[in-house]
Amino acid sequence: MQATGRIIFNTGVLYIKIVICMAISLYTVPLVLDALGQNDYGLFTLIGGIIAMLAFMNGAMTVSTQRYMSVTIGERNNDKLVQVYNLSIGLHVAIGMIVVLLCEALMPLLFNFVLNILPEQESNAYLLFHTMIATVFLQIVTVPFDATINAYEDLTFFSIAGVIEALLKLFLVLALPCFSDNRLVIYAMAITAITFFILILKYAYCAIKYKNLRLSLASYSNRPLLIEMAKFTGWNTLSSFALMARNQGIAIIFNHFLGTIINAAYGIATQVNGVLGYFSETIKKGINPQLMESEGLQEHQRLVKLTFAMTKYSLLILSFITLPLYIEMPYIIDLWIGDAPAYTVEFTRIILILSLLTLASTGLMSAVQSSGKVKWYTIAICAVLLSTIAFAYIGLRLHLSPITILYIACLIEVVAFFVRLWFANKLNAIPTWDYVRRPVLSVLILAIMVGLIMYGCTKLLEPSFIRLLTIGILDVVLFLPLSYFTLLAKEEKDYVKLLIAKITKRRKNASL
């Protein structure tokens, strides 16, 4: 009960942050689109996505470092914890420098032979590229401090820092109309400055809060640990690089054949998906430290239980949010964006499906990472995911529609799910059929049932805010109770009851 309570408390704290950040992020998208225009917004999402692809995913590197910190916390070894902390800082500074050099080296190739950019955008595109490289370097250097905060499950500060960052970006967007020229470059440079401020904030917090984690050059003398961490971080980062390369590789192929306008539609779709993805990432941040710690404590049953829980909670949350959005997407896009680029509705719907398919593996990915044996897993996943880029190129050469390309990406993600399932069974003894049946199929069946009822209601009402509100209410009154009664374990139901009782008691006391 204590572990379940900690997970739910951490998740609740993070969700407060997510709701605020999501509202700000969704509010700013049409403002940025309006301030920059479709071409510059498409260019920003394209260049920013390429840099993120080349810089891999900070989340993957955070998980890598957090894995060592959480396992070491489970081992109750503070000296080793200090070494892990220092080595992770050195590793990520080195990774950041390598990424900068790699990006700068590839820039002529990208601009001369790959990207399809309007001539009048070229000068801004070059400045944007250099600025985004600096941003990514700062994000990579921030990773060890994020991992430390996550490993100690100090998620209240993590949430506060996220809200501060979101508010600063909101102020930036509101200030953009004050500039008449070079808004794209100004926007990118200001994002870099905000990233630097957040880095300093998180470093200062770690230095003050975790006094046992002192900076020490002596830690670098532990070469075996350094090599072990470097290998694990490298393989794990490569695995996430494949996921990012799949997503952004599609954007590059679209741009090569169809220009920057379609990147605006794809960028809006991925922005929506990214915002909703915060919810599943919240579950991951709440459970991951304990899952990794279970490996250090060699508690296999607890690890399996948390693996199932991570996938179940992630799929439940995202399905609950996605169902009304998917059904009412045309009305929502029209209400939110107005004159949206072509394919925006279709892209957003399919990418939401792709995200749900990826989430079906989220517990498996964490379980495999906790084992530390990720070499062959990474090679297999990279091969599967990167094949999407080849299929996208061939498909567009054969004049298939961009929508068909994204459906192909969904099919390949299903293949990736079974690859991850096989490795999780081999490395962590995760029961294959139980995993498919309990956290995956059970949520899928529930989502389909509720979705069909909601879709039936759309046939009775014309598209309007009333229909959107009706669909949202149906989602709440059907999905949440059915999830509670059919999918939650007894321990989870007991904790929910206890939580409701505590909230009710506090309200009564407050009213007296």
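These are my notebook entries on what I looked up in this structure, which is a predicted model.

**Entry 1: the overall build**

I began with the secondary structure, and for this protein I counted 17 helices and zero strands. I then looked up burial over the whole protein, and found that 54% of its 512 residues count as buried. For the contacts with a separation of 6 or more, I noted that residues 24 or more positions apart account for 85% of them.

**Entry 2: two helix pairs**

I turned next to how helices lie against each other, keeping in mind that two packed helices are described by the angle between their axes and the distance between the axes.

My first pair was α9, covering residues 300-327, and α15, covering residues 432-458, which pack at an angle of about 15 degrees with their axes 10 Å apart. Angles under 35 degrees count as roughly parallel, and so α9 is roughly parallel to α15. I also looked up the handedness, and α9 passes α15 in a right-handed crossing. When I sorted the residues of this contact by class, I had 15 nonpolar, five polar and three charged residues.

My second pair was α11 and α14, whose axes come within 9 Å and cross at roughly 5 degrees. That angle makes α11 roughly parallel to α14. On the α11 side I listed the contact residues Glu346, Phe347, Ile350, Ile351, Ile353, Leu354, Leu357 and Thr358, and on the α14 side Pro402, Ile403, Leu406, Tyr407, Ala409, Cys410, Glu413 and Val414. By class, the contact of α11 with α14 divides into 13 nonpolar residues, one polar and two charged.

**Entry 3: Ile412 in α14**

I stayed with α14, which spans residues 402-428, to look at Ile412, one of its residues. Is Ile412 buried or exposed? Its relative accessibility is 9%, and therefore I wrote it down as buried. Leaving aside neighbours within four places in sequence, I found Ile412 in contact with Val384, Ser387, Thr388 and Phe391. For Phe391, which is 21 residues away along the chain, I looked up the separation of the C-alpha atoms from Ile412, and it is 9.8 Å.

**Entry 4: two buried residues with hydroxyl side chains**Ser88 is found in helix α3, which runs over residues 78-114. With a relative accessibility of 1%, which is under the 20% cut-off, Ser88 counts as buried. Not counting residues up to four places away in sequence, I found that Ser88 touches Thr65, Pro144 and Met229.

Thr142 is found in helix α4, which I have as residues 122-151. Its relative accessibility is 5%, so Thr142 also went into my notes as buried. What does the side chain of Thr142 reach? I found that it reaches the backbone oxygen of Leu138, at 2.7 Å. Beyond its neighbours within four places in sequence, Thr142 is in contact with Leu199 and Lys202.

**Entry 5: Asn212 in a loop**

I then left the helices for the loop between α6 (183-209) and α7 (223-258), where Asn212 is found. I recorded Asn212 as partly exposed because its relative accessibility is 28%. Once neighbours within four places in sequence are left aside, the residues in contact with Asn212 are Asn78, Leu81, Val82 and Tyr152. For Leu81, which lies 131 residues from Asn212 along the chain, I noted a C-alpha separation of 8.9 Å. With Tyr152, the side chain of Asn212 makes a polar contact to the side chain at 3.1 Å.

**Entry 6: two positive phi angles**

My last search was for unusual backbone angles, since most residues other than glycine have a negative phi.

Tyr343 is not a glycine, yet I found a positive phi of about 75 degrees for it. I placed Tyr343 in the loop between α10 (329-336) and α11 (344-359). Tyr343 counts as partly exposed, because its relative accessibility is 32%.

His399, which is not a glycine either, has a positive phi of about 70 degrees. I located His399 in the loop between α13 (375-397) and α14. Is His399 buried or exposed? Its relative accessible area is 73%, and so I noted His399 as exposed.

How values were computed: Residues are numbered from 1 along each chain as its sequence is written. This is a predicted model: local features need pLDDT of at least 70, side-chain atom pairs count only at pLDDT 80 or more; totals for chains, interfaces and linings use all residues. Side-chain values use heavy atoms; hydrogens and water are left out. Axes are lines fitted to C-alpha atoms, for helices over the stretch in contact, and angles run from 0 to 180 degrees between N-to-C directions. Helices (H or I, at least four residues) and strands (E, at least two) are DSSP runs, numbered from the N terminus. Angles under 35 degrees count as roughly parallel, over 145 as roughly antiparallel, 65 to 115 as roughly perpendicular and the rest as oblique. A crossing is left-handed if the near helix is turned anticlockwise from the far one by less than a right angle, and right-handed if clockwise. Ala, Val, Leu, Ile, Met, Phe, Trp, Tyr, Cys and Pro count as nonpolar, Asp, Glu, Lys and Arg as charged, and the others, Gly among them, as polar. Buried means under 20% relative accessible area, exposed over 50%, partly exposed in between (1.4 Å probe, protein chains only). A polar contact is a pair of N or O atoms within 3.5 Å; within protein, one must be able to donate a hydrogen and the other to accept it, and residues adjacent in sequence count only if both atoms are side-chain atoms. Contact means heavy atoms within 4.5 Å.
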